[in-house]
There are 2 protein chains.
Amino acid sequence: MTMDDIDRSIISLLQADARMSTKALAEHIGLSAPSAAERLRRLEERGVIRAFTIDVDPRALGYSLQAIVRIKPLPGKLHAVQKLLEAIPEISECDKVTGDDCFIARLHLRSIEHLDFILERIVDKAETSTAIIKSQPVTRRLPGG
Amino acid sequence: MTMDDIDRSIISLLQADARMSTKALAEHIGLSAPSAAERLRRLEERGVIRAFTIDVDPRALGYSLQAIVRIKPLPGKLHAVQKLLEAIPEISECDKVTGDDCFIARLHLRSIEHLDFILERIVDKAETSTAIIKSQPVTRRLPGG
DNA sequence: GGTGAAAAAAAATTTTC
DNA sequence: GAAAATTTTTTTTCACC
């Protein structure tokens, strides 16, 4: 279960370019191709690498607006709210948190009207507090730099 | 600038497996390999695909705790706060938003003490409100499903 | 765990339609 | 866009350290 510096390098390199070949990866870390392949296999097996994926510009898919919504379920509605949130595809991330608000969700939306439409589905089960994203000073980066 | 159904399929397939070969991609969408390669090249060129990356389990890197922090800069401190937030590697995401709070950040932390340590760097420039993540009902999914 | 080389398998590119 | 073939890589295997 140990993560050494080589494993950390692999993570860092693939974070920057997930399509890098095993051979290129091996060259960067100064290991042979079979060793790099074996390390990579183990990182996947152990669940350190959860997925190889792409970062898509939501605007290209027509989602020009993002919002962060804090959601406080009405008494007795916690489970109903959680199920509802999971079923809303416009929610790309949702965390259950400590504190007065119970959920914090990130929404991708086509317009302000679209935002209103989605919030209408929630208002009868929870109090919401919406913040519209104006810019993104930091986007998805690796924990710890 | 048009995104047709084939482009959307490519996005969806690569979202699920960014290491899929061009050939496999072509077979899934019912196109020849060169056509698929050309489509992929254009999606990258147009910035629709911003990056090929991996999803890493932060716990494997020793970050067992996540928090969402709302940050309201003190009068006159807005720019200083933004610069500070960008310089904190524990912040993996930070959005500038409308409303009373100005920034919302996601922090990856090794412990509660670590959280306290990071917040100490912010408290003299901004009011903060911290919510610790207990679970993640929805994790990173494509806008619109 | 790791190496190196060779065999085997794929994949990307180019050309032609 | 497609098809086919060439050319280049890449991956895997295996013997050995």
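Q: Is B:Q136 buried, exposed or partly exposed?
A: Keep in mind that we're working with a predicted model here. B:Q136 sits in strand β5 of chain B, which runs over residues 126-138. Buried would need a relative accessible area under 20%, and exposed one over 50%. The value for B:Q136 is 32%, so the residue counts as partly exposed.

Q: Which residues does B:Q136 touch, leaving out those up to four places away in sequence?
A: Look on both chains for this one. In its own chain, B:Q136 touches B:Q66 and B:R106. Over on chain A, the partners of B:Q136 are A:C94 and A:D95.

Q: What is the N to O distance in the salt bridge of B:R106 and A:D95?
A: Both of these residues are also touched by B:Q136. To count as a salt bridge, the nitrogen and the carboxyl oxygen must be within 4 Å. The side chains of B:R106 and A:D95 meet that rule, with an N to O distance of 2.9 Å.

Q: How many salt bridges are there between chain A and chain B?
A: The one between B:R106 and A:D95 is an example. Polar contacts across the interface come to 39 residue pairs, with both residues at pLDDT 80 or more. On the side of chain A that touches chain B, the elements giving two or more residues include α1 (5-16), β1 (49-56) and β5 (126-138). As for salt bridges between the two chains, the count is 10.

Q: How much area do chain A and chain B bury between them?
A: Start with the contacts: 63 residues of chain A meet 63 residues of chain B. A:R19, A:R50 and A:I54 supply 13% of what chain A buries against chain B, more than any other three residues. Carbon and sulfur atoms account for 54% of the total, which is about 5900 Å².

Q: Why is B:C94 not bonded to B:C102?
A: A disulfide needs two cysteine sulfur atoms within 2.5 Å. B:C94 is buried, at 0% relative accessibility. Its closest cysteine sulfur is in B:C102, and that is too far for a bond because the distance is 9.0 Å.

Q: How many disulfides are there over all chains?
A: Chain A has a cysteine to check too: A:C102, buried at 11% relative accessible area. The nearest cysteine sulfur to A:C102 is that of A:C94, 9.0 Å away, and A:C102 is in no disulfide. Over all chains, the count is zero.

Q: How far apart are the end C-alpha atoms of residues 3-64 of chain A?
A: An unreviewed UniProt entry annotates this span as "domain: HTH asnC-type". The span is 53% helix and 13% strand. Its end C-alpha atoms are separated by 39 Å.

Key
Residues numbered from 1 in each chain as written. Chains lettered and ligands numbered in written order. Predicted model: local features only at pLDDT ≥ 70, side-chain atom pairs only at ≥ 80, totals over all residues. Heavy atoms only, no water. UniProt positions renumbered as here; feature names shortened; annotations may be inferred. Helix = DSSP H or I, 4+ residues; strand = E, 2+ residues; numbered from the N terminus. Buried < 20%, exposed > 50% of the residue type's maximum accessible area, 1.4 Å probe, protein only. Contact = heavy atoms within 4.5 Å. Buried area = accessible area lost by both parts, 1.4 Å probe. Polar contact = N/O pair within 3.5 Å; in protein donor to acceptor, adjacent residues only side chain to side chain.
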